[in-house]
Amino acid sequence: MRIGELAARAGTTTRTLRYYESRGLLPARRSDNGYRTYDDRDLRLLRQIRTLQDFGFDLEETRPFVECLRAGHPEGDSCPASLAVYRRKLDELDALIGQLSTVRETVARQLARAELAAEAEVPGGPEPVCELGGDPW
């Protein structure tokens, strides 16, 4: 198939395919007339890349999965390098979850404090202070 058909079947653009080609993720095969040519294996590579990117993997993190498929493995995540990327991504996600949990706890405390202050507010009382930034509202 030619580049336009592959792009349509993969749900992407020809520009993206050319970019993947320039990064070495998509093979650069050409027919006798100079047109790029692709097959179902290339579509499978693209689907692997797009799925991983949908999960938050950056383009370079998809490389081991693509290489695993190119090596003939039935799944892109059945190679040691792919498993290592999964492990790193899980560690990264765990760290982000920890950071978000800390932020959530802080916001929950601020909300509780603000609700108490709003209930107790009297005309002419002191101006509320946001503890997150320390500046008066």
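**Around helix H4: packing and salt bridges**

Trainee: Is the crossing of H3 and H4 left-handed or right-handed?

Mentor: Bear in mind that we're looking at a predicted model. In this model, the way H3 and H4 cross is right-handed.

Trainee: And which residues of H4 make that contact with H3?

Mentor: Start on the H3 side, where Arg44, Leu45, Gln48, Ile49 and Leu52 take part. Their partners on H4 are Phe65, Val66, Leu69 and Arg70.

Trainee: How many charged residues does the contact of H3 with H4 have?

Mentor: Sort the contact residues by class and you get six nonpolar and one polar. The charged ones in the contact of H3 with H4 number two.

Trainee: Do H3 and H4 run roughly parallel or roughly antiparallel to each other?

Mentor: Look at the axes of H3 and H4: they come within 10 Å and cross at roughly 155°. The cut-off to compare with is 145 degrees, since angles over that count as roughly antiparallel. H3 and H4 are therefore roughly antiparallel.

Trainee: What about the other side of H4: at what angle does H4 pack with H5?

Mentor: H4 covers residues 63-70 and H5 covers residues 80-120. Their axes lie 8 Å apart, and H4 and H5 are roughly antiparallel to each other. The angle at which H4 and H5 pack is about 155°.

Trainee: Is the crossing of H4 and H5 left-handed or right-handed?

Mentor: Don't carry over the answer for H3 and H4, whose crossing is right-handed. For H4 and H5, the crossing is left-handed.

Trainee: Which residues of H5 make the contact with H4?

Mentor: H4 brings Pro64, Phe65 and Cys68. By class, the residues of this contact of H4 with H5 are six nonpolar, one polar and no charged. The ones from H5 are Ala81, Ser82, Val85 and Tyr86.

Trainee: How many of the eight residues of H4 are buried?

Mentor: Go through H4 and you'll find Arg63, Pro64, Phe65, Val66, Cys68 and Leu69 buried. That's why H4 counts as largely enclosed by the rest of the structure: its buried residues number six.

Trainee: Which helices do those buried residues of H4 pack against?

Mentor: We've met both partners already, one with its crossing right-handed and one with its crossing left-handed. The buried residues of H4 pack against H3 and H5.

Trainee: Which residue forms a salt bridge with Arg63?

Mentor: Arg63 is buried, with 19% relative accessibility. Its partner is partly exposed at 37%, and the closest N and O atoms of the pair are 2.5 Å apart. That partner of Arg63 is Glu60.

Trainee: Over in H1, which residue meets Glu5 in a salt bridge?

Mentor: Glu5 is partly exposed, with a relative accessible area of 42%. Its partner sits four residues away in H1 (residues 3-10), so about one helical turn separates the two. The N to O distance is 3.9 Å, and the partner of Glu5 is Arg9.

Trainee: Which residue of H3 also forms a salt bridge with Arg9?

Mentor: Arg9 is partly exposed at 40% relative accessibility. In this second bridge the closest N and O atoms are 3.4 Å apart. The partner lies in H3 (residues 40-54), so the pair ties together parts that are 31 residues apart in sequence. With 51% relative accessibility, it counts as exposed, and it is Asp40.

Trainee: Which residues are linked in a network of salt bridges?

Mentor: The structure holds ten salt bridges. The residues linked in a network are Arg29, Asp39, Arg41 and Asp42.

Notes:
Residues are numbered from 1 along each chain as its sequence is written. This is a predicted model: local features need pLDDT of at least 70, side-chain atom pairs count only at pLDDT 80 or more; totals for chains, interfaces and linings use all residues. Side-chain values use heavy atoms; hydrogens and water are left out. Axes are lines fitted to C-alpha atoms, for helices over the stretch in contact, and angles run from 0 to 180 degrees between N-to-C directions. Angles under 35 degrees count as roughly parallel, over 145 as roughly antiparallel, 65 to 115 as roughly perpendicular and the rest as oblique. A crossing is left-handed if the near helix is turned anticlockwise from the far one by less than a right angle, and right-handed if clockwise. Contact means heavy atoms within 4.5 Å. Ala, Val, Leu, Ile, Met, Phe, Trp, Tyr, Cys and Pro count as nonpolar, Asp, Glu, Lys and Arg as charged, and the others, Gly among them, as polar. A salt bridge is a side-chain nitrogen of Lys or Arg within 4 Å of a carboxyl oxygen of Asp or Glu. Buried means under 20% relative accessible area, exposed over 50%, partly exposed in between (1.4 Å probe, protein chains only).
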